[in-house]
Amino acid sequence: MLAAKEGDTDAVHLLLEKGAKTTLVTGSGHSAYDIAIFWKKENCAKILKPIHDALPKENFFSYSGIQRNARKRHNLEWMREATMSDAAEFILMHNAQPLVAYDSTLSPKAKIRQRPLLFNKPYTEVHHLIKESFDNVIYLGSWTQDASERKKGESLAERNVFAIDISDMRETEVKELYPGTEVLNVFPGLLRLGVADAGIAAQARSLLDWHSKYPYCPCCGSKTTIANAGYKRICTNKSCLTNQETKQEGGKINTPYPRVDPTVICNIVSRDNRYSLLARQKSFPGGMYSCLAGFVEPGESVEQACKREIFEEVGLIVNHDEIEDARWFTREDVVLMLMQLHPDRLFLPPQKAIANRLLTEWLIKTAFIQ
Ligand SMILES: [Zn+2]
């Protein structure tokens, strides 16, 4: 880090030869490459760039290393067989929160600093948790080669991953059944997971949360049941189902599919790239500013949603119902906020948040603009 800051290319080369870890980051999440860029040490940045580019580019929660194999979902027989295979692994979800494990030899203090791992077990250890109806199991997909490489070369090929919903159990029962585990809270718990674990936890959480909230048919109010390995719900009222399948009643199909809520988030910058427009919501922790974000409305494009959000939230009149403050920040301000060194104790969302990533990428891509 120091060599990158000083622009000492000899020292950078020597450290790399000696095996220095370029993936290490400062307390504020910045790599040696980021530091070289910030201090405008172009020669060091050039050396460190290939390593920087090889780092994961996905947003946190959007990388899962999972091939979803959607065609297999409709085949319940395949699903039953696949779950009983030696190549099946299961994560457990309690109220849409994953069960995680830590190294049991660690003290409670050390545990806080350790990365939790998804509690991941074969069929033989979890089969008693699967209901006969199979309506508490969802199929997430099979591991990809890329995931295998990221998980320290573990051979994961052809391994299918399922999630079991164990919300019927009390949390204390779960802990008794699997000592050394705990149900991971959503925030900040999920942000502490590794990137591959976070992706599949997000996939499972989103699906199971949807199942828990949509137990009734939107056409007739009858109960619905899980289908397509967790990616659909169908009505238990046969006449209603027939109507849906034959597209009667005006061709409307109200089969419930997993809920997806598109949102936009944007970094508004000045024409000369010297300023970024950031805002804070009333609900933010004191001192935190972020990029503008909001939901995409029906019939609206992503670009239209961005424009509307900007106008509504920080247009001629700041919407004080949602936004407490919005203003232009200089690049220097944004760097200090990212590094948690701002003199007014202002800061940005954590490193794994999309806003943090947007602003970091902006600073890097425009670092050499005069
Ligand atoms: Zn119905």
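**Buried residues and a pocket in a predicted model**

At 0% relative accessibility, Leu278 counts as buried, because any residue under 20% relative accessible area falls in that class. The model described here is predicted. Leu278 lies in strand β13, which spans residues 275–281. Its contacts reach well along the chain. Leaving out residues up to four places away in sequence, Leu278 touches Tyr289, Ser290 and Cys291. The list also holds Asp325, Ala326, Arg327 and Phe329. Val334, Met337, Leu348 and Leu359 complete the set. The C-alpha atom of Leu278 is separated by 7.8 Å from that of Ile268. These two residues are 10 residues apart along the chain.

The setting is a protein chain of 370 residues. Its secondary structure comprises 15 helices and 15 strands. Buried residues make up 41% of the chain. The chain exposes about 21,300 Å². Carbon and sulfur atoms supply 53% of that area. Among contacts with a separation of 6 or more, 69% join residues 24 or more positions apart.

Ser270 lies in the loop between β12 (268–269) and β13. Is Ser270 buried or exposed? Its relative accessible area is 15%, so Ser270 is buried under the 20% cut-off. Two polar contacts involve its side chain. One joins the side chain of Ser270 to the side chain of Asp272, at 2.6 Å. In the other, a polar atom of the Ser270 side chain lies 3.2 Å from the backbone nitrogen of Arg274. Beyond its neighbours within four places in sequence, Ser270 is in contact with Tyr275 and Trp328.

Thr224 is found in strand β9, residues 224–227. Thr224 is buried because its relative accessible area is 7%, under the 20% limit. Which side chain makes a polar contact with the side chain of Thr224? The partner is Arg233, at 2.8 Å. A polar atom of the Thr224 side chain also lies 3.3 Å from the backbone oxygen of Tyr214. Both partners appear again in the wider contact list of Thr224. With residues up to four places away set aside, that list runs through Tyr214, Pro215, Tyr216 and Cys217. It then takes in Arg233, Ile234, Cys235 and Thr236.

Ala201 is found in helix α10, which covers residues 195–213. Its relative accessible area is 1%, so Ala201 is buried. Ala201 touches Met93, Pro98, Leu118 and Leu193, not counting residues up to four places away in sequence. Pro98 is 103 residues apart from Ala201 along the chain. Even so, their C-alpha atoms are separated by 6.4 Å.

The second largest pocket holds about 1,100 Å³ of space. Its lining has 33 residues. Which of these are the closest to the pocket centre? They are Phe61, Thr263, Ile265, Ala353 and Ile354. Five elements each give two or more residues to the lining. Two of them are helices, α10 and α15 (354–365). The others are the strands β11 (263–266), β13 and β14 (292–295). Elements met above thus return here: α10 is the helix of Ala201, and β13 is the strand of Leu278. By class, the lining has 23 nonpolar, 5 polar and 5 charged residues.

Methods. Residues are numbered from 1 along each chain as its sequence is written. This is a predicted model: local features need pLDDT of at least 70, side-chain atom pairs count only at pLDDT 80 or more; totals for chains, interfaces and linings use all residues. Side-chain values use heavy atoms; hydrogens and water are left out. On a 1 Å grid over the protein atoms alone, a cavity is a set of points where a 1.4 Å probe fits but cannot get out, and a pocket is an open set with protein on both sides within 12 Å along at least five of seven lines; lining residues have an atom within 4 Å of a point. Grid points are joined across faces, edges and corners, and a volume is the space filled by probe spheres set on the points. Helices (H or I, at least four residues) and strands (E, at least two) are DSSP runs, numbered from the N terminus. Ala, Val, Leu, Ile, Met, Phe, Trp, Tyr, Cys and Pro count as nonpolar, Asp, Glu, Lys and Arg as charged, and the others, Gly among them, as polar. Buried means under 20% relative accessible area, exposed over 50%, partly exposed in between (1.4 Å probe, protein chains only). A polar contact is a pair of N or O atoms within 3.5 Å; within protein, one must be able to donate a hydrogen and the other to accept it, and residues adjacent in sequence count only if both atoms are side-chain atoms. Contact means heavy atoms within 4.5 Å. Accessible areas come from the Shrake-Rupley method with a 1.4 Å probe; for residues, only the protein chains shown count as cover.
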